[in-house]
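Colleague: I'm new to this one and would like a close look at a single part. Could you take me through the annotated binding site and then show me how the rest fits around it?

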Amino acid sequence: MTAASEPHLAVPEGVHPFPHDHLLGIEGLKPWEIAFLLDEADRWSNPENTRLREGALTGLTQINAFFENSTRTLVSFEIAGKRLGADVVSMAVGASSVKKGETLLDTALTLNAMHPDVLVIRHEAAGAVALIASKVDCPVLNAGDGAHEHPTQALLDALTIRHRKGRLTGLKIAICGDILHSRVARSNFHLLASMGADVRAVAPPTLMPPALDQFGISATTSMETGLKDADVVMMLRLQRERMQGSYLPSEREYFRFYGLTEERLAHAADDVLVMHPGPMNRGVEIATSVADDIQRSAITEQVEMGVAVRMACLDVLTRRIRGLEGWA
């Protein structure tokens, strides 16, 4: 399923499909720019197309600089780059120069001096990736910056939903859990609202940020209310590493009131799709029986779509430096 089935998401005539040098966030992207990236990722999700188009980044150097620990996102970007033929170098920056006192600006200048063709950055501080992008001479992809944004996660979530549901427009989507600290939630709010979905935030009062109406979504502290007739339920993990102080009495109490159980899921639509960006905390935000439900859970499919989305983003952002017609 592509944007062709939703004409209002087609790229307007005479408009460049993706005019940006970097992918720093979903906020500010036009609906057709999002749809364009999803369509490109949709092509890469087909194994036959992957074999036909391998080598698109042959001769280019991709540096993954992760200032914050990661497993699945880092591995996903590594696989994506290698499938495209890039020379991929992954740097655990947080364990080296930064620990020795080097500033973020110095690190940016050091990375730039290595002359990479594309940089993938994850950092614990919101806005850090944008700062690095302003100091380097190559495209930059944001792999997550603090509690700000995680654009490729939102794109892979949207692609997963579109594969299963055939559309995003008009779907009722509940995003539940630690909304306050979640960059995944922020990027999904921007993307899903922009694409015409009915988005609901569900969280305890202590984990619900203020002014969510600016995203064009509704908010509730009741799981039963938030899940009512939902087409998609996306659970978020508790971001313990970003919590300063006590937000919850205990994980046991959290699961009792906000864990996704079979009983709570019964409030959603009969064909509800269950998602989780990972890593999952079973028995904290989601019950094992729900996570492993073959019919309703798309959690492993999200991981699969992540590689396709990152291949698409790497491909699109390097088209200009590769001199492709219409991009140079």
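Leaving aside its neighbours within four places in sequence, which residues is R72 in contact with?

Modeller: Happy to, and keep in mind that this is a predicted model. Setting aside anything within four places in sequence, R72 is in contact with P277, G278, P279 and V303. R72 itself lies in helix α3, which covers residues 72–83. Its relative accessibility is 39%, so R72 counts as partly exposed.

Now for the annotation. In the UniProt record, an unreviewed entry, "binding site" covers R72, T73, R122, H150, Q153, G278 and P279. Look back at the contacts of R72 and you'll find G278 and P279 among them, and both are on that annotated list too.

Next, go to R122, which lies in strand β3 (residues 118–123). R122 has a relative accessibility of 7%, so it counts as buried, whereas R72 is partly exposed at 39%. Not counting residues up to four places away in sequence, R122 touches a run of residues made up of A65, F66, F67, E68, N69 and S70, and also T73, A143, G144, H150 and R183. T73 and H150 come up in the annotation alongside R122.

R183 brings us to a second set of positions. The unreviewed UniProt entry also places the feature "binding site" at K100, R183 and R237. You'll find R237 in the loop between β8 (232–235) and α9. Beyond residues up to four places away in sequence, R237 touches D178, H276, P279, N281 and E285. P279 is worth clicking on here, as P279 is in contact with R72 and is also touched by R237.

Helix α9, on one side of that loop, spans residues 251–258 and holds a salt bridge pair, R256 and E253. The closest N and O atoms of the two are 3.7 Å apart. R256 and E253 are three residues apart in the helix, so about one helical turn separates them. R256 is exposed, with a relative accessible area of 54%, while E253 counts as partly exposed at 28%.

Other salt bridges reach across the sequence. R264 and E224 meet through their side chains at 3.3 Å, N to O. R264 sits in helix α10 and E224 in helix α8 (residues 223–227), so this pair, 40 residues apart, links distant parts of the chain. R264 counts as buried at 12% relative accessibility, and E224 is partly exposed at 33%.

While you're in helix α8, have a look at G226. With 1% relative accessibility, G226 counts as buried. G226 touches A174, R200, V202 and T220, leaving out residues up to four places away in sequence. G226 and H267 are 41 residues apart in sequence, and their C-alpha atoms are 8.9 Å apart in space.

Another pair to find is D271 and K165, whose side chains form a salt bridge at 3.4 Å, N to O. This one also links distant parts of the chain: D271 is in the loop between α10 (262–265) and β9 (273–275), K165 is in helix α6 (residues 151–165), and their positions lie 106 residues apart in sequence. K165 counts as partly exposed, at 22% relative accessibility.

Last, swing round to two helices that meet. The axes of α1 (residues 31–44) and α12 (residues 299–317) come within 8 Å and cross at roughly 115 degrees, in a right-handed crossing. On the α1 side the meeting residues are F36, L37, E40, A41 and W44, and on the α12 side they are A308, V309, M311, A312, D315 and V316. By class, this contact has nine nonpolar, no polar and two charged residues. E40 and D315 turn up again in a network of salt bridges with shared partners, which joins E40, R43, D315, R319 and R322. V303, one of the contacts of R72, falls within the residue range of α12.

For the whole picture, the protein chain has twelve helices and nine strands. Buried residues make up 54% of its 328 residues. Among contacts between residues at least 6 apart in sequence, 73% join residues at least 24 apart. The salt bridges come to 15 in total.

Definitions and conventions:
Residues numbered from 1 in each chain as written. Predicted model: local features only at pLDDT ≥ 70, side-chain atom pairs only at ≥ 80, totals over all residues. Heavy atoms only, no water. Axes fitted to C-alpha atoms, helices over the stretch in contact; angles between N-to-C directions. Helix = DSSP H or I, 4+ residues; strand = E, 2+ residues; numbered from the N terminus. Left-handed = near helix turned anticlockwise from the far one by under 90°. Contact = heavy atoms within 4.5 Å. Nonpolar A, V, L, I, M, F, W, Y, C, P; charged D, E, K, R; others polar. Salt bridge = Lys/Arg side-chain N within 4 Å of Asp/Glu carboxyl O. Buried < 20%, exposed > 50% of the residue type's maximum accessible area, 1.4 Å probe, protein only. UniProt positions renumbered as here; feature names shortened; annotations may be inferred.
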